[in-house]
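Thanks, everyone. I have one structure to show today, and I will keep to a few strands and one arginine. Please have a look at it first.

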Amino acid sequence: MPRDHILTLSCPDRTGIVYRVSGLLFDAGCNILDAQQFGDADSGRFFLRVHFDRPEALEPEALRGRLAELGAAFDMDWQLHDAQARARLLVLVSKHGHCLNDLLFRAHSRQLKVDIAAVASNHEDFAPLAASYDVPFHYLPVDAGTRAAQERAILDLVERERIDLVVLARYMQILSPTLCAALAGRAINIHHSFLPSFKGAQPYHQAHARGVKIIGATAHYVTPDLDEGPIIEQDVARVDHAMTPRELVRLGSDTESLVLARAVRRHVEHRILLNGHRTVVFR
């Protein structure tokens, strides 16, 4: 049985939190391997991530019982994770496959501690790519009349495949509030950071026409507020007047892939804690 755990928690900030948590782990015979903390003066909340080893004689449920008592005393929102578990991903994609391709390679080469359980798309373009990695591909076409049924199929897939995280890898469909609520805290989206300045078709071409000097990408949690969920990761790349729209697309695609992979890594390593509309991301 795995003995390597990660404890994450947030609670109203007060004295003695680290002392009590570390004391509980010490009394239980646990060995702290790494710990990171942050007190947010604006929200008045405290955030903590502790990576530790549990002694073989201590059952996980017994440890959870001790944590529940402490959590109640400090009004904690806490979670205990198996640090060695590999997260199961469902990747949603449309007609731009660079992020999907990057995630498939990183999962296959063990650069990410994930297993991509399935790929689903409203187009059939990337069925061969998924098949090349022996990942099941699900073609789920959608239009205004079939959207509700298509989203039910996505949720059925999430439940059937025991999905931990849904990744929108340039999935160009707006999720309904119902689906957003069902996937709250476990769905990540990637988009070019031109939004909202360059909406609609061909944003890189629009940006080129305006002579931008910086392009970038943003990864965030999915919420009913389109592209306004809590931000996890961002990055930028400099461009200049000599670059064509095609070159901007290429550079933007690279940035999107990297930012999304970082966001997925932070999530599956339990390094992200929600702080209202913001995130605390431990490195």
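I will go through three neighbouring topics: a strand, its partners, and then a charged side chain. One caution before that: this is a predicted model.

Start with strand β8, residues 165-168. Leu165 and Val167 point one way from it, Val166 and Leu168 point the other way, and all are buried.

Now the pairing. Strand β5, residues 87-93, pairs with β8 in the parallel sense, over 4 bridges. If you want a position to click on, Leu92 has Leu168 of β8 as its bridge partner. β8 also pairs with strand β9, residues 187-192, again in the parallel sense, here over 3 bridges. In that pairing, Val166 has Ala187 of β9 as its bridge partner. To get from β8 to β9 the chain passes through helix α6, residues 177-182, and this β-α-β crossover is right-handed.

Next, β9 itself. How many of the residues of β9 are buried? The count is 6 of the 6, so β9 is largely enclosed by the rest of the structure. Taking the faces in turn, Ala187, Asn189 and His191 lie on one side, with Ile188, Ile190 and His192 on the other, and both faces are covered.

Beyond its parallel pairing with β8, β9 is joined by 5 bridges to strand β10, residues 214-221, and these two run antiparallel. There, the bridge partner of His192 is Ala217 in β10.

Last item, the arginine. Arg266 is in helix α8, residues 245-268. Arg266 is buried, yet has no salt bridge. Which side chain of opposite charge is nearest to Arg266? That is Glu233, 4.3 Å away. The cut-off for a salt bridge is 4 Å between a side-chain nitrogen and a carboxyl oxygen, so a pair beyond that is not counted.

Glu233 does appear among the contacts of Arg266. Leaving aside neighbours within four places in sequence, the others are Arg271, Ile272, Val281, Phe282 and Arg283.

Terms used
Residues numbered from 1 in each chain as written. Predicted model: local features only at pLDDT ≥ 70, side-chain atom pairs only at ≥ 80, totals over all residues. Heavy atoms only, no water. Buried < 20%, exposed > 50% of the residue type's maximum accessible area, 1.4 Å probe, protein only. Lys, Arg positive; Asp, Glu negative; His and termini not counted. Contact = heavy atoms within 4.5 Å. Pairing = 2+ DSSP bridges. Right-handed = clockwise from strand over helix to strand, strands pointing away.
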